Amino acid sequence: MEARMEAEWTATKVVTVILVVIWGWRMLNRLWLKPKKQEKLLREQGLKGNPYRFLIGDLKEILKSRKETESKPMALSDDIVPHVSSYLHQSVNKHGKNFFIWFGPIPRVTINDPELIKDVFNKIDIFPKPALNPLVELLVTGLTTYEGEKWSKHRRIINPAFNLEKIKVMLPIFFISCNDLINEWEGMLSSDGTCEMDVWPFLQNLACDIISRTAFGSSYEEGKRIFNLQKEQAEVIMKVIHKSFIPGWR
């Protein structure tokens, strides 16, 4: 009896060790060997980027760049890229128009060559859309994420809505929303006819109002609660998404 129990215990330990070794190898391959192999292949194709760093990749620099950019006022210029996509802008200056950056152990290639972009769009079977983080899928679904027959089906469904004649019908609705916003701004002017404001919240509300009127036949104020909940959800997701590459974090 004791010999049988001893044999069972030994077998359990052996199985446990094997499982741990398998899991460890998979983690090593996923978090180090595979990214380093991908980096080598990308460099062989003439792409430049920072060397892969274990687990975090370029996430630390991306967050640092965003924090520094948001701490400074935006320059009065049409060149908004350094403010909106600061790290990508820095990468273009550092590595050239075609480069890669690391989102954790996952490389993301950025191309700015029109011919290469055209080639990718013409070969959708060879260049499928990247798998989305499950957190992002809570916010974004539709033509930008669908593939194959599902993409074709939804494209056929929404295509009539963007017919030129249909869009012309929407122009009066655009005018109403824009006119309401201008009237609101005029009411905020001081006695000398000037006023300083942050226009971003107003432009967000304008977009929501136009969507509400054209898609649902109601004003933004009537659907304000839904839009606020969506905005809150987006903010929460963006806070955690940069850490979702850490195994087990999700």
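# Salt bridges and surface features

Glutamate 165 and lysine 168 both sit in helix H7 (residues 164–187), 3 residues apart, about one turn of the helix. Helices here are DSSP runs of H or I with at least four residues, strands are E runs of at least two, and both are numbered from the N terminus. The model is predicted, so local features need pLDDT of at least 70 and side-chain atom pairs count only at pLDDT 80 or more, while totals for chains, interfaces and linings use all residues. Residues are numbered from 1 along each chain as its sequence is written, and side-chain values use heavy atoms, leaving out hydrogens and water.

Here is the overall layout. The protein chain has 9 helices and 2 strands. Reading from the N terminus, its elements follow the order α-α-α-α-β-β-α-α-α-α-α. Of its 250 residues, 19% count as buried, where buried means under 20% relative accessible area, exposed means over 50%, and partly exposed lies in between (1.4 Å probe, protein chains only).

Now to the charged pairs. Side chains of opposite charge can pair when their charged atoms come close. The structure holds 9 salt bridges, each a side-chain nitrogen of Lys or Arg within 4 Å of a carboxyl oxygen of Asp or Glu. Among them are these:

| Pair | N to O distance |
|---|---|
| Lysine 123 and aspartate 119 | 3.2 Å |
| Glutamate 165 and lysine 168 | 3.6 Å |
| Arginine 213 and aspartate 180 | 3.3 Å |

How many residues apart in sequence are the parts that arginine 213 and aspartate 180 tie together? Arginine 213 belongs to helix H8 (residues 199–216) and aspartate 180 to helix H7, so this pair links parts that are 33 residues apart in sequence. Arginine 213 is partly exposed, at 23% relative accessible area, and aspartate 180 is also partly exposed, at 36%. Elsewhere, Lys36, Glu39 and Arg43 are joined into one network by salt bridges that share partners.

The pair of lysine 123 and aspartate 119 can be described in a similar way. Lysine 123 has a relative accessibility of 35% and counts as partly exposed. Its partner aspartate 119 is partly exposed as well, with a value of 32%. Back in helix H7, lysine 168 is partly exposed at 44% relative accessibility.

Which residues make the nonpolar surface patch of about 420 Å²? The patch is built from Val14, Val15, Ile18, Leu19 and Ile22. Patches take residues with over 30% relative accessible area and no salt bridge, joining like charges within 9 Å and nonpolar side chains (Val, Leu, Ile, Met, Phe, Trp, Tyr) within 5 Å. The areas come from the Shrake-Rupley method with a 1.4 Å probe, and for residues only the protein chains shown count as cover. One member of the patch, leucine 19, lies in helix H1 (residues 2–44). Leucine 19 counts as exposed, with a relative accessibility of 53%.

Another leucine is worth a look for its backbone. Leucine 55 has a phi near 75°, a positive value in a residue other than glycine. You will find leucine 55 in the loop between H1 and helix H2 (59–70). With a relative accessible area of 23%, leucine 55 is partly exposed.
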